[in-house]
2 protein chains.
Amino acid sequence: MSSDIENKCAAKGVRLTDQRKLIAKVMSESGDHPDVDELHKRVSSLDSKISIATVYRTVKLFEEAGIVDKHDFKGNKARYEQAPTEHHDHLIDINTGKIIEFVNEDIEKLQKEVAKKLGYNLVDHRLELYGSKIKK
Amino acid sequence: MSSDIENKCAAKGVRLTDQRKLIAKVMSESGDHPDVDELHKRVSSLDSKISIATVYRTVKLFEEAGIVDKHDFKGNKARYEQAPTEHHDHLIDINTGKIIEFVNEDIEKLQKEVAKKLGYNLVDHRLELYGSKIKK
DNA sequence: ATAATTGCAAATGCTTTGCTTGTGA
DNA sequence: TCACAAGCAAAGCATTTGCAATTAT
């Protein structure tokens, strides 16, 4: 019962400690985009002595290994999610904070074109939509 | 010789102090996207006693009045630019930090469509491309 | 006149880090 | 074994804020 992220760590040669295993497990099972405090809260219920510094160091480690993605949405602290197999962007509900993932190949293609036209290779991008629910 | 931003302040009923006038002037004349430190540096050459707290308070004030835009590009501190008349997005050169502005109506339209399809009205968005220059 | 603004320094909030002890391979 | 990781508290950095003095309208 090693978690998804745990397997990726093994594959990347990242040393697995008990704490990292717990953080990996919690992140693997999280369907949302928790911030460090929230992660620490969730992990603490499994190991009450884990320090928040360890959570910070671990998410950074995972991020640098390409195992998790970090997001800095407007006005919020950094949030994390397990690196997805297929890329997606985010729509943030400005009233509730709810995050919805979406994929749009046309936009992806246009971004590459724009970059190319400006003389650049697209290395990374950030696309976030902020919206309010349409009432009916 | 009142600056562009100064006029907008008057129009919005924002009280104009000497310090604010200087910050408005510097921002009006800036073609780039300076951060608060840089703004403070530029303003200090006109008034050496202006405090950085005032710069922070003023850019926030201008931002809330819709007079300047704030950008939090990846890995950098907040940068500011005079609110443009026509919207644009940014491409950031990951090697030099250079910022290039661009407009793409197709992407804009697609963003609205994506939001609508998810049941949201698009209120705001963030699109940043990170790229490296194509060598020839 | 007087409510708003400034400058300063202290406080904040998130994140990183130094150091000593503990531990995975 | 022993280089690396954890826990703790202190430090860092960008930004905000309390307060007394100053200023714009």
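These legends describe close-up views of a predicted model with protein chains A and B and DNA strand C.

**View 1. Two copies about a rotation axis.** A rotation of 180 degrees, with 0.0 Å of shift along its axis, superposes chain A on chain B with an RMSD of 0.0 Å. The two copies are thus related as by a two-fold rotation axis. Which residue of chain A comes closest to the rotation axis? Leu127(A) does, with its C-alpha at 2.2 Å.

**View 2. The contact between chain A and chain B.** Chain A gives 34 residues to the contact, and chain B gives 34 residues. Because 100% of the interface residues of chain A are also interface residues in chain B, the copies meet through the same surface. About 3,200 Å² is buried between the two chains, and carbon and sulfur atoms give 65% of this area. Tyr120(A), Arg126(A) and Ile134(A) supply 25% of the area that chain A buries against chain B, more than any other three residues.

**View 3. Polar pairs across the interface of chain A and chain B.** Four salt bridges are found across the interface. One of them joins Lys74(A) to Asp124(B), with the closest N and O atoms 2.7 Å apart. Polar contact across this interface is found for 16 residue pairs. On the side of chain A that touches chain B, β3 (89-93), β4 (99-102), α5 (105-117) and β5 (120-133) each supply at least two residues. The most come from β5(A), with 14 residues. By class, this side of chain A has 17 nonpolar, seven polar and 10 charged residues.

**View 4. The protein surface near DNA strand C.** Which elements each supply at least two residues of this surface? They are α4 (52-64) of chain A, together with α2 (18-29) and α4 (52-64) of chain B. With four residues, α4(A) gives the most. The surface has nine charged, six nonpolar and four polar residues. Of the 19 residues around the strand, Tyr56(A), Thr17(B), Gln19(B), Thr54(B) and Arg57(B) come nearest.

**View 5. Side chains at the phosphates and a base of DNA strand C.** Of the strand's atoms within 4 Å of the protein, 69% belong to sugar or phosphate and the rest to bases. Two side chains at phosphate oxygens are shown here: a polar atom of Thr54(B) lies 2.4 Å from one phosphate oxygen, and a polar atom of Lys60(A) lies 3.2 Å from a phosphate oxygen. At a base, an N or O atom in the side chain of Arg57(A) is 3.3 Å from a base oxygen.

Notes: Residues numbered from 1 in each chain as written. Chains lettered and ligands numbered in written order. Predicted model: local features only at pLDDT ≥ 70, side-chain atom pairs only at ≥ 80, totals over all residues. Heavy atoms only, no water. Least-squares fit on C-alpha atoms with pLDDT ≥ 70 in both. Contact = heavy atoms within 4.5 Å. Near = heavy atom within 4 Å. Polar contact = N/O pair within 3.5 Å; in protein donor to acceptor, adjacent residues only side chain to side chain. Nonpolar A, V, L, I, M, F, W, Y, C, P; charged D, E, K, R; others polar. Buried area = accessible area lost by both parts, 1.4 Å probe. Salt bridge = Lys/Arg side-chain N within 4 Å of Asp/Glu carboxyl O.
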